[in-house]
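The following explanation is intended to be read alongside the sequence and the coordinates. Please keep both in view while following the text.

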Amino acid sequence: MSWGWDYENEQWTKLPTYLKHLPLFTRHYDMTSKFFRILWAIFLKGIAYRFYIRIKVKGEFHSIAKSYPKLIVIANHASHLDATSMAAAIPFRYWSDLYIAAAKDYFFGNPVFAFFSKHCLGAIPIDRKDKKGEAIKLCLNLLSELDRIWLIFFPEGTRSPDGAIQEFRRGISLFSEQTSTPILFLYIKGNSSLWPKGRLLPKPGALDIHIGPVCPPGPKELIHGKYIEWVQSIDPDVDIKTIN
């Protein structure tokens, strides 16, 4: 799949600014983004997730990175800590290939958040009210065209209100099956208690991120079942939302 962008005509000049940091379009890595990502990494890894929130990574990414240049990285989603804690857990050497599917209305809702999301997170804006499927096309195009990409994606679609793992939405199977991209399981333990939905700021404390198996592409029900089975092997007391 390809959009056939012509970088020399008005298609490029009219491309929204919040997409111009993506290397599929720019054909190079934005030096401004690289500079701010380094600063963000120093703050995130060296301060925020070392002293205020003590992150512990259970497992290692290096062997996974050698075997899987393309991955959809999924995790449970119950807090605004989730995306940044996953980025903090992943070694900086892989950040040039790391992108986060982020809600456009929140992460690109104002100029300050948009700058941060673009340059620090490498965020891909997902418009949850988009009826034309442009966000889906963008993610499919990135997964198909880039040689290396780790796309952080929350298959529940939105934060859990009570910390329980919710049903997966169809996006996870759509992205993985149409692009033949395998899926890396992560489990974030403690996210809901540190920054539950509705709280203004996170509390200090400990956060565990477990690195799990890589799952082949498949239907959402199968992926959800395998993910729940793996999470329960780590945390038998985890809450699972019953699917009717």
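The paragraphs below treat the pockets, then a surface patch, and then the salt bridges.

The model is predicted. Its largest pocket has a volume of about 760 Å³. Its lining comprises 32 residues, and Ile126, Arg128, Phe153, Phe154 and Gly157 are those nearest the centre. Several elements each supply at least two residues of this lining, namely helix 5 (81–89), strand 3 (98–103), helix 6 (104–107), helix 8 (134–145) and helix 9 (171–179). By class, the lining of the largest pocket consists of 16 nonpolar, 7 polar and 9 charged residues.

The second largest pocket holds about 430 Å³ of space. It is lined by 16 residues, with Trp40, His80, Thr84, Phe116 and Trp195 lying nearest its centre. Here the elements that each give at least two lining residues are helix 3 (31–52), helix 5, helix 6 and helix 7 (111–121). Helix 3 makes the greatest contribution, with 6 residues. The lining of the second largest pocket contains 14 nonpolar and 2 polar residues, but no charged ones.

On the surface, Phe35, Ile38, Leu39, Ile42 and Phe92 form a nonpolar patch of about 460 Å². Phe92 belongs to the loop between helix 5 and strand 3. This residue is classed as partly exposed because its relative accessible area is 37%, and a patch residue must have over 30%.

Ser173, in helix 9, offers a case of burial: its relative accessible area is 10%, so it falls under the 20% limit for a buried residue. The C-alpha atoms of Ser173 and Pro219 are 5.0 Å apart, although 46 residues separate the two in sequence.

The whole structure contains 3 salt bridges. In one of them, Lys58 pairs with Asp208, with 3.9 Å between the closest N and O atoms. This pair joins strand 1 (residues 53–58), where Lys58 lies, to strand 7 (residues 205–215), where Asp208 lies, across 150 residues of sequence. Lys58 is partly exposed, at 37% relative accessibility.

Arg148 and Asp97 form another salt bridge, at 3.2 Å from N to O. Arg148 is in the loop between helix 8 and strand 5 (149–153), and Asp97 is in the loop between helix 5 and strand 3, 51 residues away in the chain. The partners fall into separate accessibility classes: Arg148 is partly exposed at 36%, whereas Asp97 is buried at 12%.

Glu167 and Lys220 also form a salt bridge, their closest N and O atoms being 3.7 Å apart. The pair connects the loop between strand 5 and helix 9, which holds Glu167, with helix 11 (residues 220–234), which holds Lys220. Glu167 is partly exposed, with a relative accessible area of 39%.

How values were computed: Residues are numbered from 1 along each chain as its sequence is written. This is a predicted model: local features need pLDDT of at least 70, side-chain atom pairs count only at pLDDT 80 or more; totals for chains, interfaces and linings use all residues. Side-chain values use heavy atoms; hydrogens and water are left out. On a 1 Å grid over the protein atoms alone, a cavity is a set of points where a 1.4 Å probe fits but cannot get out, and a pocket is an open set with protein on both sides within 12 Å along at least five of seven lines; lining residues have an atom within 4 Å of a point. Grid points are joined across faces, edges and corners, and a volume is the space filled by probe spheres set on the points. Helices (H or I, at least four residues) and strands (E, at least two) are DSSP runs, numbered from the N terminus. Ala, Val, Leu, Ile, Met, Phe, Trp, Tyr, Cys and Pro count as nonpolar, Asp, Glu, Lys and Arg as charged, and the others, Gly among them, as polar. Patches are made of residues with over 30% relative accessible area and no salt bridge: like charges are joined within 9 Å, nonpolar side chains (Val, Leu, Ile, Met, Phe, Trp, Tyr) within 5 Å. Accessible areas come from the Shrake-Rupley method with a 1.4 Å probe; for residues, only the protein chains shown count as cover. A salt bridge is a side-chain nitrogen of Lys or Arg within 4 Å of a carboxyl oxygen of Asp or Glu. Buried means under 20% relative accessible area, exposed over 50%, partly exposed in between (1.4 Å probe, protein chains only).
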